[in-house]
Amino acid sequence: MRLIVLGPPGAGKGTQSARLMQKYGIPQLSTGDMLRAAVAAGTPVGREAKALMDAGSLVPDDVVLKIIADRIEQPDAVQGFILDGFPRTVNQAKALDALLKAKNMRLDGVIELKVDEAALLGRIQARAEDMIARGCAVRADDNPDAFKTRLDAYRAQTAPVSAYYAGEGRLKSVDGMAPVEAVAAAIDLVTSAFAMT
Ligand code: ADP
């Protein structure tokens, strides 16, 4: 099963992708997590990405494309994967299509989490408070200023990705405002339909 989970920052992509990973036994490939690991490790990619990420801006397409191209070659991704946070631009989506085609891999479908924008900042703030309560580090971009930039980037660059997949009949939208379990159930319905096509 090869899936993409799309949605604005704070929509619950990470939560739902982690559950799908358990369910299907395939890895969750989060470009955000991979980039944060590169930043923490101080690699050249991490050094290039850090300031952009902290501000809430997107990292250049060529950087994330290389990360994804390398990652989907890994043995654990042979049976499938869940892409979380990628593609984030139409250019990335087209490059992914070319990459999968070259590898004879097929995308099963794209799940979009629909969430009211008004709810998103509250979710991000709740995540920051939860991290503090657990004694963990808060993400550098989980603050109101960077969040605004992330939302702007989403509207300008990532919302067209939904339109791109919808145009090709590959997109299924799910109500991301429902409780986590209800969102999970709706996603299960959609993925079982993907599995049959
Ligand atoms: P969010 O919760 O905002 O969806 P992520 O953890 O997916 O956050 O990503 C955090 C940051 O990492 C983004 O704001 C961006 O700077 C960078 N990033 C992650 N994925 C991509 C991508 N596919 N293209 C460009 N930048 C990305």
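Reader: Which residue is the bridge partner of L3 in β4?

Author: In this predicted model, L3 is bridged to G109 of β4.

Reader: What makes β1 and β4 a pair of strands?

Author: Pairing requires at least two bridges between the strands. Strand β1 (residues 2-6) and β4 are joined by 4 bridges, so the requirement of at least two is met. The two strands run parallel.

Reader: How do you know that β4 also pairs with β5?

Author: The same reasoning applies. Between β4 and strand β5 (residues 171-175) there are 5 bridges, in the parallel sense, and the requirement is at least two. Within this pairing, E112 has S173 of β5 as its bridge partner.

Reader: Why is strand β4 described as largely enclosed?

Author: Strand β4 spans residues 109-114, and 5 of its 6 residues are buried, so the rest of the structure largely encloses it. A residue is called buried when its relative accessible area is under 20%.

Reader: Why is R150 called buried?

Author: The relative accessibility of R150 is 10%, and the cut-off for a buried residue is under 20%; R150 therefore counts as buried. This arginine is placed in helix α7.

Reader: What makes the approach of R150 to D142 a polar contact?

Author: The side chains of R150 and D142 are joined at 2.9 Å, and a polar contact requires a pair of N or O atoms within 3.5 Å. R150 is also among the residues that come nearest to the ligand, together with T31, R36, S57 and Q92, out of 19 residues around it.

Reader: How do you know that T31 makes a polar contact with the ligand?

Author: A polar side-chain atom of T31 is 2.7 Å from a nitrogen atom of the ligand, and the limit is 3.5 Å. Two backbone approaches can be set against that limit as well. A backbone N or O atom of V59 lies 3.0 Å from a ligand nitrogen, and a polar backbone atom of G85 is 3.0 Å from a nitrogen atom of the ligand. The ligand taken alone exposes 550 Å², of which the protein buries 96%.

Reader: Which helix gives the most to the shell around the ligand, and how do the shell residues divide by character?

Author: Helix α2 (residues 31-41) gives the most, with 4 residues. The shell comprises 7 nonpolar, 5 polar and 7 charged residues.

Reader: Why does I72 count as buried?

Author: I72 has 2% relative accessibility, to be set against the cut-off of under 20%; I72 therefore counts as buried. The residue is placed in the loop between α4 and β3. Its C-alpha is 35 Å from that of A118, and the two residues are 46 apart in sequence.

Reader: What place does I72 have in the largest nonpolar core?

Author: I72 is one of the residues that touch the most other members of this core of 30 residues, the others being I4, L35, F81, L83, L96 and Y165. Among the elements that each supply at least two residues of the core are β1, α2, α3 (44-55) and α5 (90-102). The largest share, 6 residues, comes from α4.

Reader: How do you know whether Q16 is buried or exposed?

Author: Q16 has a relative accessible area of 4%. Buried means under 20% and exposed means over 50%, so Q16 is buried. This residue is placed in helix α1 (residues 13-24). Q16 and P75 are 59 residues apart in sequence, with 23 Å between their C-alpha atoms.

Definitions and conventions. Residues numbered from 1 in each chain as written. Predicted model: local features only at pLDDT ≥ 70, side-chain atom pairs only at ≥ 80, totals over all residues. Heavy atoms only, no water. Near = heavy atom within 4 Å. Polar contact = N/O pair within 3.5 Å; in protein donor to acceptor, adjacent residues only side chain to side chain. Areas by Shrake-Rupley, 256 points an atom, 1.4 Å probe, with all protein chains shown as cover. Nonpolar A, V, L, I, M, F, W, Y, C, P; charged D, E, K, R; others polar. Buried < 20%, exposed > 50% of the residue type's maximum accessible area, 1.4 Å probe, protein only. Core = buried A, V, L, I, M, F, W, Y, C linked by side-chain atoms within 4.5 Å.
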